[in-house]
Amino acid sequence: GTPSAVTGSPEHNDATVVNNRIGLNGALTERFGFTLAAGYTAGFSSDDSDSESIIAQIEGRWRFRENMNLSLVYDRELQPAFQGNFHRVDRVKTNLQATFATKWVLGANAELAFLTFGRDSSLVNPDRSDMQLSAGLNGEYRMLEWLALTGDLSLRKNFTTYQFVFTSTTGMADVIDPAKYTAFAAWLGVRAFF
């Protein structure tokens, strides 16, 4: 049967992240651009399980046709998390965008991310690392110079062997909950330019 009470739920603490970054953003030619940035970030939580990391962004942009752009990005950052207060994210992402007849903007993107969570001593297994693969399509129709209809479809798959193990307080069997997931999102909206 299912235990009536369990222990070992992730802690949730108030947290603050402080970032600083310095970099260079520019164009090499009319068709090639880049961004290079690096910095330091620190996260402070109410339970004193603080975290720190070097952060970085390396981005290359290529306009291979007048109406088409391709970008490739590596970035590293520290973000608040539901487990371990913070997690470090290392990711590589790419984006392709095309404009047609000045009214239609279509795009496709893909991302591979590696997440390293902070230790959470409230859990039976305190260490966790995940890999996420994401892909999406987006579009925009510019009805007027200042008004556009936008939409987005995306899929995210989280790969991990991590499992939450909840220990029963009533002496019954432990409950195991896998942390891997698949998420699908779709939205439609209106954007105004002022």
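In the hairpin of S5 and S6, five residues lie between the strands, and Gly84 there takes a positive phi near 75 degrees. The model is predicted, and this hairpin joins strand S5 (residues 68-80) to strand S6 (residues 86-100). S5 and S6 pair in the antiparallel sense over 13 bridges. Within this pairing, Ser71 stands opposite Asn95 in S6.

Asn85 also belongs to the loop between S5 and S6. Asn85 counts as buried because its relative accessibility is 5%, below the 20% limit for that class. The C-alpha atom of Asn85 is separated by 43 Å from that of Thr29, and the two residues are 56 positions apart along the chain.

**The S6-S7 hairpin**

S6 pairs on with strand S7 (residues 104-117), again in the antiparallel sense, over 14 bridges. Lys93 has Glu111 in S7 as its bridge partner. Three residues lie between S6 and S7 in this hairpin. Ala101, in the turn, has a positive phi of about 55 degrees, and this is a positive value in a residue other than glycine. Thr102 has a phi near 60 degrees, likewise positive in a residue other than glycine. Ala101 is placed in the loop between S6 and S7, and Thr102 is placed in the loop between S6 and S7 as well.

Are Ala101 and Thr102 buried or exposed? Ala101 is exposed because its relative accessibility is 66%, and Thr102 is exposed because its relative accessible area is 62%. The cut-off behind both assignments is a relative accessible area over 50%.

**Salt bridges**

Side chains of opposite charge can pair when their charged atoms come close. The count of salt bridges in the model comes to 13. Three of the pairs, with their N to O distances, are tabulated here.

| Pair | N to O distance |
|---|---|
| Glu66 and Arg31 | 3.9 Å |
| Glu111 and Arg91 | 3.9 Å |
| Arg119 and Asp127 | 2.8 Å |

Glu66 and Arg31 meet through their side chains. This pair links distant parts of the chain, 35 residues apart: Glu66 is in the loop between strand S4 (51-65) and S5, while Arg31 is in the loop between strand S2 (15-27) and strand S3 (32-45). Glu66 is exposed because its relative accessible area is 60%. Arg31 is partly exposed because its relative accessibility is 34%.

The side chains of Glu111 and Arg91 also meet in a salt bridge. This pair too links distant parts of the chain, with Glu111 in strand S7 and Arg91 in strand S6, 20 residues apart. Where do Glu111 and Arg91 stand, buried or exposed? Both Glu111 and Arg91 are buried.

Which residues are linked with Glu111 and Arg91 in a network of salt bridges? The network also takes in Asp75, Glu77 and Lys93. Glu111 thus appears in two settings: as the bridge partner of Lys93 in the strand pairing and as a member of the salt-bridge network.

In the pair of Arg119 and Asp127, the N to O distance is 2.8 Å. Arg119 counts as exposed because its relative accessibility is 56%. Asp127 counts as partly exposed because its relative accessible area is 43%.

**Nonpolar surface patch**

A nonpolar patch on the surface is formed by Met143, Leu144, Trp146, Leu149, Leu188, Val190, Phe193 and Phe194. Together these residues have about 890 Å² of accessible area. Strand S8 (129-144) supplies at least two residues of the patch, and so does strand S12 (181-192). Met143 is found in S8, and Met143 counts as partly exposed because its relative accessibility is 32%.

**Confidence**

The mean pLDDT of the chain is 88, and 91% of the residues reach 70 or more. Over residues 1-7 the pLDDT is below 50, and this stretch has 20 contacts in the model beyond near neighbours in sequence. Where pLDDT is low, the predicted coordinates should not be read in detail.

Conventions. Residues are numbered from 1 along each chain as its sequence is written. This is a predicted model: local features need pLDDT of at least 70, side-chain atom pairs count only at pLDDT 80 or more; totals for chains, interfaces and linings use all residues. Side-chain values use heavy atoms; hydrogens and water are left out. pLDDT is the predictor's confidence in each residue, from 0 to 100. Contact means heavy atoms within 4.5 Å. Patches are made of residues with over 30% relative accessible area and no salt bridge: like charges are joined within 9 Å, nonpolar side chains (Val, Leu, Ile, Met, Phe, Trp, Tyr) within 5 Å. Accessible areas come from the Shrake-Rupley method with a 1.4 Å probe; for residues, only the protein chains shown count as cover. A salt bridge is a side-chain nitrogen of Lys or Arg within 4 Å of a carboxyl oxygen of Asp or Glu. Helices (H or I, at least four residues) and strands (E, at least two) are DSSP runs, numbered from the N terminus. Buried means under 20% relative accessible area, exposed over 50%, partly exposed in between (1.4 Å probe, protein chains only). Two strands pair if DSSP finds at least two bridges between them.
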